[in-house]
Structures are given as structure tokens and as C-alpha cells.
Amino acid sequence: MNKKEAIELFYSDLLELMRKAYSLKKDKYITYSKNVFIPVTTFCRNKCGYCIFRNENYKKPLMMPKEVLSKLKLAEKYGCKEALFTMGEIDDSVEPVNNILDRLGYENMVEYVYYLCNETLEETSLLPHTNMGVLSFKDLKILKEVNASMGLMLENISERLMETVAHKNSPGKDPKLRLKTIENAGKLKIPFTTGLLIGIGETVEERIESLLKLRKIHDKYGHIQEIIIQNFKPKPGTPMENYPEPSLIEMLRTVAVTKLIFPDVSVQIPPNLNRETAQLFIFAGADDWGGVSPITKDYVNPESKWPEIDELKNLTEEAGFKLKERLPVYPKFISEEFLSKKILQKINELKHQ
Ligand SMILES: O=c1nc2n(C[C@H](O)[C@H](O)[C@H](O)CO)c3cc(O)ccc3cc-2c(=O)[nH]1
Ligand SMILES: C[C@H]1O[C@@H](n2cnc3c(N)ncnc32)[C@H](O)[C@@H]1O
Ligand code: SF4
């Protein structure tokens, strides 16, 4: 599909567009991953105009190993299978975090996250999924060994947003750096979650360009397991607090076009950010609810509560589908081609429990 065709599709008759995307569905399942959200640090070198996760609490720049392990143990009791390590981007400039890492005996954040992921594998029945922002080839390679999958939202390919309230203070949101990370993850065959943030001032054309670029990368490396279409939610006290959310129709069109560009990849819609309307996205081609946690909040969108698993099951069934739990890595990536020996062995152990 080229850009012109994709834009035409986007603006075409909504029901026809949705029907086209819907007809690509191969089965009647909508998947989700039962997870625990571990916000390792809320310090960040970036200042995105929409973000409320970032919080410089000088009393607590870093979650300590003990605290992380006790959260993971609790998650295990609740039957969670994914440990979601999501955090701010830490480079040498973020002193309070680096000082603590130093005291704990870690060179940098990657080394610490590696340790936490490895502990997860050795001490619990959970599988790590890490999203710590932009990473180098070398760091991705290190983390691949202890992650079932990894993630980084492209957000959008638009360089223009680097000059607007959304990304003007966020060097880590430079699309060149994000695309490089996603490509390097492809070279390393890391099962990968990426996606777009919708409603941060981007145009429809820029959305399509972002999707087509991700398509190109996926054609080359085949490692993208899911695309998240995440709707922006304004947060009080942030520079973008008065920005409008994307409309339902806008979101439905975006999800449908995403599915048409990615018939072979899962399209994820977060149910907590679309409380009243989540079901509709199934009919636009969405097939995954993403991570849902019975014990932790969505620290990125703390005002948006996860539905209970029962509620998610009911709303999925009411729409005519079946809810199915999945691991943080999708079945077609469970192989030696994509996973480290350590992770494959862990998944095998879990199967026989
Ligand atoms: O619970 C959440 N999970 C988030 N996840 C995790 C995701 O929902 C699933 O856990 C993945 O599908 C892995 O199975 C993200 C993963 C990424 O790689 C990038 C961004 C996100 C964002 C969120 C989020 O805001 N809240
Ligand atoms: C973890 C991911 O959460 C998303 N994210 C950050 N802030 C918001 C917000 N206000 N609304 C919706 N999504 C957000 C970004 O896409 C980030 O990459
Ligand atoms: S969205 Fe991520 S990169 Fe941006 S300020 Fe928040 S934590 Fe930092």
C-alpha cells in the first residue's frame, strides 16, 4: 500500500473501511496479557508535553530490588505472567538515579534492569517485557537475553513534533532515534511491541507515514508482534492539559487502516483508555487488549482504571468474541530464532507446571 492509497482508505466510508479491516480477522479470539507494572524509575531525561508518569521525587528516584521482588511475588500469586518494566529514559545526566545505581554497584540503568529481569526469571514464574525508551544495539542485545519481548512506542515519525509542545523538550522522542532502536531490535530478532500515540498534534498524513515506515521495517526484519494504537488522554498540570482527545471516529479509522497495513500483526487497543467504546474497536480490526493488571495501576494513565478480567471477558463475549490470555511474547515468536535459550527454557518450564 502506498501513502496515497492509505490516506484515501482513511477517509473512505467508515463502515466499509471497518468491514475491510474486520474481514482480516483469522479467529474469534481477543487476547490480553495479565501483568504487573514495575515503574523502575519515574525520573526521565525527557519532558513530554503529555506525560504525567515523569515525576522527580527526590526521596525515591529508584525502586529497590527488594521492593521489585515483593511486587513480582504478589503478581505471581495473582497469576500474572508478564513483568512490565517501564520507566523514564535514564542517561548520564539524570544524577539522582545514577547516584543510587552507583551505590548499589551498577554501572548504569541497563545493567540494573538486566539484573531485575534476571531475578524475575530465577525467582518467579513471570516473563519480563522491558520498555525503557531509546536503546543502543549493544544494550538491546544485553536485554534480549532476559526479555520475552521488548517495546518502544514510535509515537509518531514526525520531526515537526520535536518543535511542538509534545516533544520539544524530549531528545529521546526524536523519530530517528526511535526508528533506529526498532530497527536494531529487528536485527537482533527481538519480538517487539511498538505503536503510535494518537492526538498529540500529528496529522493524518503523519500517522500514515509512521505506519508505512513501521511496515517497511517489519518487511525487512519480521519482528513486530503488535502495534499499539494509543489514544492521548489529557493530564491536569501538564502542558497539554487542554488538548482535545482524539475522537472515537478518528480512532476507529486509525485502527482499521493499521490493520489493513498490518494484516499479519496484532493491533492493540488499551481498554482502560477506551472504557465506554473498547468493544467497537474489535469491529475495526483490533485483536488485543494489551497488558491488564489485577494489582498495579497504569502509571502512565493513573486516572484510567483497568477493567477487571471478568468485565473484560464479558465485554469481549458480548461483542461475539472470546477472551484469551497470552504471554508477553506472541506464539509465533516462541522459537530459537527469536528468543534466548534462557527465555525458551523458562517458557518450557512454565508449560509443564
Ligand atoms: O500497562 C500498560 N502497559 C503498557 N505496555 C505493555 C503492553 O500493554 C503489553 O504488556 C505488551 O503487549 C506486552 O505483552 C506498553 C508496552 C510497550 O512496549 C510500550 C508502551 C506500553 C504502554 C503501556 C501502558 O501504558 N500501560
Ligand atoms: C508508555 C507510553 O504511554 C504513552 N503515553 C504517555 N503519556 C500519555 C497520555 N497522556 N495519554 C496516553 N498515552 C500516553 C506514550 O505513548 C508512551 O510511550
Ligand atoms: S512519556 Fe516516557 S519519555 Fe516522555 S516524559 Fe514520560 S517517561 Fe519520559
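Reader: What classes of residue make up the shell around ligand 1?
Author: In this predicted model, the shell around ligand 1 has five nonpolar, ten polar and three charged residues. Glycine is counted as polar under the scheme used, and Gly151, Gly290 and Gly291 are among the closest residues to ligand 1.

Reader: What makes a residue part of that shell, and how many residues surround ligand 1?
Author: The C-beta atom, placed from the backbone, has to lie within 6 Å of the molecule. By that test 18 residues surround ligand 1, and the closest also include Val300 and Pro328.

Reader: Which element gives the largest share of the shell around ligand 1?
Author: Strand S1 does, with three residues. The elements that give two or more residues are S1 (29-39), S2 (82-86), S3 (127-131), S4 (149-151) and S8 (288-292).

Reader: Which residues are around ligand 2, and how do they divide by class?
Author: The shell around ligand 2 includes Tyr50, Cys51, Met153, Glu155, Lys233 and Val300. The division is six nonpolar, three polar and three charged. Tyr and Cys count as nonpolar, and Glu and Lys as charged, so Tyr50 and Cys51 go to the nonpolar group, and Glu155 and Lys233 to the charged one.

Reader: Why is Glu155 called buried or exposed?
Author: Buried requires 20 or more other C-beta atoms within 10 Å. Glu155 has 25 such neighbours, so Glu155 counts as buried. Glu155 lies in the loop between S4 and helix H7 (175-187).

Reader: What makes the phi of Glu155 worth a remark?
Author: Most residues other than glycine have a negative phi. Glu155 is not a glycine, yet its phi is positive, about 70°. Lys189, in the loop between H7 and strand S5 (192-198), also has a positive phi, near 55°.

Reader: Why is Lys189 placed in its burial class?
Author: The limits are 20 or more for buried and 12 or fewer for exposed. Lys189 has 17 other C-beta atoms within 10 Å and therefore is partly exposed.

Reader: How do you know what span helix H9 should have, and what do its end C-alpha atoms show?
Author: H9 (residues 248-261) has 14 residues, and at 1.5 Å a residue the helix should span 20 Å. The expected span uses one less than the number of residues. The end C-alpha atoms of H9 are 20 Å apart, so the two values agree.

Reader: How many residues of H9 are buried?
Author: Eleven of the 14, so by the cut-off of 20 or more neighbours H9 is mostly covered. Among the buried residues are Met251, Arg253, Lys259 and Ile261.

Terms used:
Residues numbered from 1 in each chain as written. Chains lettered and ligands numbered in written order. Predicted model: local features only at pLDDT ≥ 70, side-chain atom pairs only at ≥ 80, totals over all residues. Helix = DSSP H or I, 4+ residues; strand = E, 2+ residues; numbered from the N terminus.
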